[in-house]
Amino acid sequence: MTSAPTASQETPEERDPNTDDRHVVVMGAGPAGLTAAWQLTRNDVTVDVLEADPEIVGGIARTASYKGFRFDIGGHRFFTKADEVRVVWHEILDRDDDWLTVPRLSRIFYNGKFFQYPLRAFEALRKLGIITSALCLLSYAKAKVLPRKPERSFEDWVVNRFGYRLYSIFFKTYTEKVWGMPCSEISADWAAQRIKGLSLLEAVKNAVQASRGGPQKAKKDGEVIKTLIEEFEYPKYGPGMMWERATEKVRARGNPVRMGERVVTVRHDGERVTEVVVDTNDGQRTYGGTDFLSTLPIRELANIIEPAPPQEVLEAANALRYRDFLTVVLVVDRAELFPDNWIYIHDPTVHLGRVQNFKNWSPFMVPDTSQSALGLEYFCTEGDTLWDMGDEDLRALGAREIEQIGLARAEDIIDGTTVRMRKAYPVYDDDYKENVATVWNWISDNLSNLQLVGRNGMHKYNNQDHSMMTAMLAARNILGESWDPWNVNTDAEYHEEEREDHDTAGRMIPQRLT
Ligand SMILES: Cc1cc2nc3c(=O)[nH]c(=O)nc-3n(C[C@H](O)[C@H](O)[C@H](O)COP(=O)(O)OP(=O)(O)OC[C@H]3O[C@@H](n4cnc5c(N)ncnc54)[C@H](O)[C@@H]3O)c2cc1C
């Protein structure tokens, strides 16, 4: 494996002399766009960053705010195995007091009780009560004696390893909320990827380790299983603080990050992109450049290329799908509600999927520590009933559901707001890989100075570290090196070859059975 050089290894002497003539247009000011812009800026390349949002940088990793309350679009842990990404984080947020180390507490809420997440087998059986526990063990025994064959669906896969009872309590409801489809229609591959390393036996081993006071660092093939990591870094004002500071640093060195400028056309001459056109409040503007980086969703990008790509490329792009997300933020007039950073809601009687308690990520996320701000997360698809609900109705739904499950009282809720995030999750269906390849092959054959980076930019279900690493490599390509950002794996590590049998995105989205 070749490891990517660290940011701190770069020196001006190593620069390609041609970079002085380079001008790069970066589309999107999320983690990928701003990382690329920062890497290029510090190497004295001129850059224009074009961002559709009128005010907020950071894309999905933004920190939104409402009357002094700050909140994430889904809580964003800063965790990476890639040293070069950590170097960039601390280069951007370079003061010691910018960072907090946050102990992780996240539990499952089911039937009025909290269960440690990841599950601890003994605690789970104790809290479920004697009868339910006995039924769980019986159904586990049944699954061992009479396993479901063939093992086609997510449901089959989990039932065979945990038994039907435990599956229906700890897997079914949440998974169906997130993906909006029955577990019996989700392919088994996804379970194998997603729950890899975990089985009832593994859970029991972890429980024994934990009860002996040992560190909960279960290892599988030498790898720490990611769900078990017990603390993480977090910027004290949320992830958006990182991207706000990156914007300041890029601007301070003379490169603009232009807000409210949505890219609506990407023009080319058959060999290279020549310019992009943006819509602004004052009409359209055009930006030329030598190199172009796109973090736009692939479906959106393909449809604004002019002259248009061939029909089969457009069809492939238009077949790509996404899952959307909304957060109902409730301000609760209570200093303490629960100690968790976030809680998974396995109660099937509510739509609510997960609850964030932002004060438990950082006390700086609230203006007044005698109050709390909860982020109620609903997984949806643009145009469905939840997505189309008015803001007032969503707040009322949130207040009703949080009271119903007993995490807060409706009478203590004094304010609230909602935030919608389109295309939060790129969907991995049966054809997505082929569709992405069709679009990328056409771009790489016809538009030699356009690189795709980031999460929706590459249609990969990535965390920030991965999105940033692809951008860092793309920037280095512009500086004269030769890297393939498509070979960055889920741990934000670079592999010279993408292994056929290994999905480099790793964090899979389930596929519907056909
Ligand atoms: C619920 C949830 C929880 C997550 N939790 C974590 C976590 O705990 N830790 C972690 O590291 N990561 C987490 N992530 C992943 C993280 O948010 C992404 O990896 C990261 O934001 C991707 O960065 P990006 O720049 O590729 O894309 P984005 O964040 O999508 O940014 C793209 C930018 O491009 C802009 N844009 C789009 N179209 C146009 C256009 N036509 N013209 C101009 N601009 C445009 C958008 O407005 C946006 O600002 C989470 C994601 C979700 C959805």
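A residue counts as buried here if 20 or more other C-beta atoms lie within 10 Å of its own, as exposed if 12 or fewer do, and as partly exposed in between, with the C-beta atoms placed from the backbone. Keep that in mind as you click around.

What you have open is a predicted model, in which local features need pLDDT of at least 70, side-chain atom pairs count only at pLDDT 80 or more, and totals for chains, interfaces and linings use all residues. Residues are numbered from 1 along each chain as its sequence is written.

**The whole protein**

Start with a cartoon view. You should find 16 helices and 22 strands; these are DSSP runs numbered from the N terminus, helices being H or I over at least four residues and strands E over at least two. Of the 514 residues, 45% count as buried. Two residues are in contact if their C-beta atoms, placed from the backbone, lie within 7 Å. Among contacts between residues at least 6 apart in sequence, 70% join residues at least 24 apart.

**Helix α6**

Now select 164–179, which is helix α6. Is this helix mostly covered or mostly bare? Mostly covered: 12 of its 16 residues are buried. To colour them, pick Y164, R165, L166, Y167, I169, F170, F171, K172, T173, T175, K177 and W179. Then bring up the surroundings: the cover over these buried residues includes β6 (106–110), α4 (130–145), α5 (154–162) and β20 (372–380).

Zoom in on F171, where α6 bends by about 40 degrees. The bend at a residue is the angle between axes fitted to the seven residues ending there and the seven starting there. Step just past the helix and you meet G180, with a positive phi of about 65 degrees.

**α5 against α6**

Keep α6 on screen and add α5. Two packed helices are described by the angle between their axes and the distance between the axes. The axes are lines fitted to C-alpha atoms, for helices over the stretch in contact, and angles run from 0 to 180 degrees between N-to-C directions. For α5 and α6 the angle is about 145 degrees and the axes are 8 Å apart. The crossing is right-handed, meaning the near helix is turned clockwise from the far one by less than a right angle, while an anticlockwise turn is left-handed. Show sticks for F154, E155, V158, V159 and F162 of α5, together with Y164, L166, Y167, F171 and T175 of α6, and you have the contact. By class it holds 8 nonpolar, 1 polar and 1 charged residues. Here Ala, Val, Leu, Ile, Met, Phe, Trp, Tyr, Cys and Pro count as nonpolar, Asp, Glu, Lys and Arg as charged, and the others, Gly among them, as polar.

**α1 against α9**

Next, select α1 (31–41) and helix α9 (residues 239–252). They pack at an angle of about 30 degrees, with axes 10 Å apart, and this crossing is left-handed. From α1 come P31, L34, A37, W38 and T41, which meet W243, A246, T247, K249 and V250 of α9. That contact divides into 7 nonpolar, 2 polar and 1 charged residues.

**The ligand shell**

Stay with α1 and turn on the ligand. Which elements each supply at least two residues of its shell? They are α1, β12 (262–268), α15 (455–458) and α16 (464–478). Of the 34 residues around the ligand, G28, G30, G59, G74 and G454 come nearest; a residue is near the molecule if its C-beta atom, placed from the backbone, lies within 6 Å of it. The shell splits into 12 nonpolar, 15 polar and 7 charged residues.

**R395**

Jump to helix α13 (residues 391–404) and pick R395. Why does R395 count as buried? Because it has 20 C-beta neighbours inside 10 Å. Leaving aside neighbours within four places in sequence, R395 is in contact with V328, G416 and T418. The C-alpha atoms of R395 and G416 are 6.7 Å apart, although 21 residues separate them along the chain.

**Backbone oddities**

Most residues other than glycine have a negative phi, and most peptide bonds are trans. So finish with some exceptions.

- K149 and P150 are joined by a cis peptide bond, omega about -5 degrees; P150 sits in the loop between α4 and α5.
- E306 and P307 are also joined by a cis bond, with omega about -5 degrees.
- D44 has a positive phi near 65 degrees and is found in the loop between α1 and β2 (46–50). D44 is partly exposed, because 14 other C-beta atoms lie within 10 Å.
- N111 has a positive phi near 55 degrees, in the loop between β6 and β7 (113–116).
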